[in-house]
Amino acid sequence: MGNIVVIGPRLSGKTTYLAALSYLPALRSQKGKDNNFKIQPLNDESRDLAESAENILVEGATFESTKIAEGGVDSLPYYSFQLQVKKGLFKKIENIQLNVRDYPGEVFEKIADRNLSDEIHQEFIDECLMADVRGCLILFTHWEHGTDKFYYKVMSQFIKLMDEKQRTQNLKLAVVMSKCERGELWPGRIDPETDLFGIHLPRTKTILQDSINPKNLRFYALSTFGVLHKNDPRPNRIDQAGSNGSESVLREPNSWQPYNLIEPLYWLSKV
């Protein structure tokens, strides 16, 4: 059972995703749905995040963006969860170890302009590509004009770093379009490889497919907030001004139904 890391650029929703994940069993229980998924926080920071999920997300607030304090990398939140997933009635329970240091998105974006003298960036790379990391969940969120060029540059450099660490053949990548509740993206969630990455981020998709063993690469779409209802696919979110520019909050907490939070992690955990 290897570790999984979650990385992504600024505003890709990493912390909100982890908080929603930690709250998902309680949310499903409230709605009277079968709970084939359990999550257990394994350290104090994880327990604090799980408790904050309800207080912050359901109350329509947002998490503060992660920043590096004087303590450097060691000052960043480190979350550790044990996930138990049962995919079918007669299937065995499977365990997933999720260990995530919540790096600011700026650190991820610096991959495009690698600076060997930047100790935090170097520690970030070392942690992502350690031998005991089974897979990376990479959250992308932008799809507008010009984004593909930047993501292509980031992933091209990331693949070079994987090669330097001898991880190109044994590190799984789940490449995800987050916040897919947006109207322009929601219809493409069914086949994200073709209808999201193929249309909006074609260069990024191609460099990944040309460089990563197909068995170690998958494309996903997920939404932490989801849509209002299956017959009302308006985003269950409101964008509002915040300390970091535009921030998103739940529109109708009672209709909260996240989409596809587990599947990328489950695939990454499989041998």
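Here is a quick look at helix 7, the cores and R218 in a predicted model. Local features need pLDDT of at least 70 and side-chain atom pairs count only at pLDDT 80 or more, while totals for chains, interfaces and linings use all residues. Numbering runs from 1 along each chain as its sequence is written, and side-chain values use heavy atoms, with hydrogens and water left out.

Start with helix 7, residues 202-211 (helices are DSSP runs of H or I, at least four residues; strands are E runs, at least two; both numbered from the N terminus). Its buried residues (under 20% relative accessible area, 1.4 Å probe, protein chains only) are T204, K205, I207 and L208. Down the helix axis they fall within an arc of 165° (taken from the directions from the axis to the C-beta atoms), so they line one face of the helix. Their cover includes the elements below, counting contact as heavy atoms within 4.5 Å.

| Element | Residues |
|---|---|
| strand 5 | 133-140 |
| helix 5 | 147-164 |
| strand 6 | 172-177 |
| helix 6 | 192-200 |
| strand 7 | 217-221 |

L208 is also among the residues with the most contacts inside the largest nonpolar core, which has 40 residues. (Such a core is a set of buried Ala, Val, Leu, Ile, Met, Phe, Trp, Tyr and Cys residues joined through side-chain atoms within 4.5 Å.) Helix 5 gives this core its largest share, 7 residues. Apart from it lies another core of 38 residues, including V6 and Y17.

Then there's R218, in strand 7. At 44% relative accessibility, R218 counts as partly exposed (between 20% and the over-50% exposed class). Leaving out residues up to four places away in sequence, R218 touches L173, A174, V175 and W267.
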